[in-house]
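The paragraphs below walk through one protein structure, starting with the packing of its helices. Keep the sequence and the coordinates open while reading.

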Amino acid sequence: MEAETMALTPKQERFAHEVAQGKSQADAYRAAFNVRPATKPESVHQNASRLMADVNISSRIAELKAAVAERVVWTMADSLDVLSTIAKGLDSDAKPSDKVNAVKAINAMIGLDAPSKLSVTGSLVTRIQREVIDDNAED
C-alpha cells in the first residue's frame, strides 16, 4: 500500500522551492524557517537534513526541478542545429565569415578547439605570445 502524499506547510514548500532553485539545504532552511543568526550551524544542518529525508518534501523538490528542466527553452542541441545550418552554408544570409565563426563556435561547444596558453613577459608588457598547447608533442 502506497503512502499518501501529505500537503506541505508553507515553510516546507518554501524550503522545497529554495532547494530546487539551487540553494544548499542549510541556506534553504534558513530562508524558509526564518532562522535567527545565533542559531548553531549544526542545528540548521540537522533540521535541513530531516526535511530532505521527508519523502513528501524530497518528492516535491524533484517535481520542481523537473518542471524547471522542461521550461528550458534553448538547449545545446538547438545551438548546434542553428550553427550547423550556418556552417554548412544552408543559411542564404550567412556570409563566409559567419560560416567560419559558426565552425569555431561548434568546435568550442564540443571541445574540439585546441587549448591555448597566454604568456605575458617583461616588466612592461612589450610582447604577448599565444601558443597552442599540444599534449602529444615531444619536448
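In this predicted model, the cover over the buried residues of α1 includes three helices: α2 (25-33), α3 (41-53) and α4 (55-70). The covered helix, α1, spans residues 10-20, and its buried residues are Q12, F15, A16, E18, V19 and A20. After α1 comes G22, which has a positive phi, near 110 degrees.

The setting for these helices is a protein with 6 helices and 2 strands. Read from the N terminus, the order of the elements is α-α-α-α-α-α-β-β. The chain has 139 residues, and 18% of them are buried. Among contacts with a separation of 6 or more, 34% join residues 24 or more positions apart. The exposed surface of the protein is about 10800 Å², and 54% of it comes from carbon and sulfur atoms.

One residue of α1 to look at is E18. Is E18 buried or exposed? Its relative accessible area is 10%, under the 20% cut-off, so E18 counts as buried. The E18 side chain has a polar contact, at 2.9 Å, with the side chain of K23. Leaving aside residues up to four places away in sequence, E18 touches K23, A28 and A31. Both A28 and A31 are among the buried residues of α2.

The next residue in α1, V19, is also buried. With residues up to four places away in sequence again left out, V19 touches Q25, A28, M52, I61 and K65. A28 therefore appears in the contacts of E18 as well as in those of V19, and A28 counts as buried by the cut-off of under 20% relative accessible area.

V19 also belongs to the largest nonpolar core, which has 14 residues. Which members of this core touch the most other members? They are F15, V19, Y29, L51, I57 and I61. Each of α1, α2, α3 and α4 supplies at least two residues of the core. Apart from this core lies another, of 5 residues, including I86, A94, A102 and I106.

Helix α2 can be read in the same way. Its buried residues are A26, A28, Y29, A31 and A32, and what covers them includes α1 and α3. Just after α2, N34 has a positive phi of about 45 degrees.

Helix α2 also holds the aromatic pair. How many such pairs does a search of the whole structure find? The search finds 1. The pair is made by Y29 and F33, with ring centres 4.7 Å apart and planes at 20 degrees, and because that angle is under 30 degrees the pair counts as stacked. Y29 and F33 are 4 residues apart in α2, about one turn of the helix. Y29 has a relative accessibility of 13% and so counts as buried, whereas F33, at 22%, is partly exposed. Y29 is thus a partner in the stacked pair and one of the core residues that touch the most other members.

Terms used
Residues are numbered from 1 along each chain as its sequence is written. This is a predicted model: local features need pLDDT of at least 70, side-chain atom pairs count only at pLDDT 80 or more; totals for chains, interfaces and linings use all residues. Side-chain values use heavy atoms; hydrogens and water are left out. Buried means under 20% relative accessible area, exposed over 50%, partly exposed in between (1.4 Å probe, protein chains only). Contact means heavy atoms within 4.5 Å. Rings of Phe, Tyr and Trp (its six-membered ring) pair if their centres lie within 6.5 Å; planes under 30 degrees apart count as stacked, over 60 as edge-to-face and the rest as tilted. A nonpolar core is a set of buried Ala, Val, Leu, Ile, Met, Phe, Trp, Tyr and Cys residues joined through side-chain atoms within 4.5 Å. A polar contact is a pair of N or O atoms within 3.5 Å; within protein, one must be able to donate a hydrogen and the other to accept it, and residues adjacent in sequence count only if both atoms are side-chain atoms. Accessible areas come from the Shrake-Rupley method with a 1.4 Å probe; for residues, only the protein chains shown count as cover.
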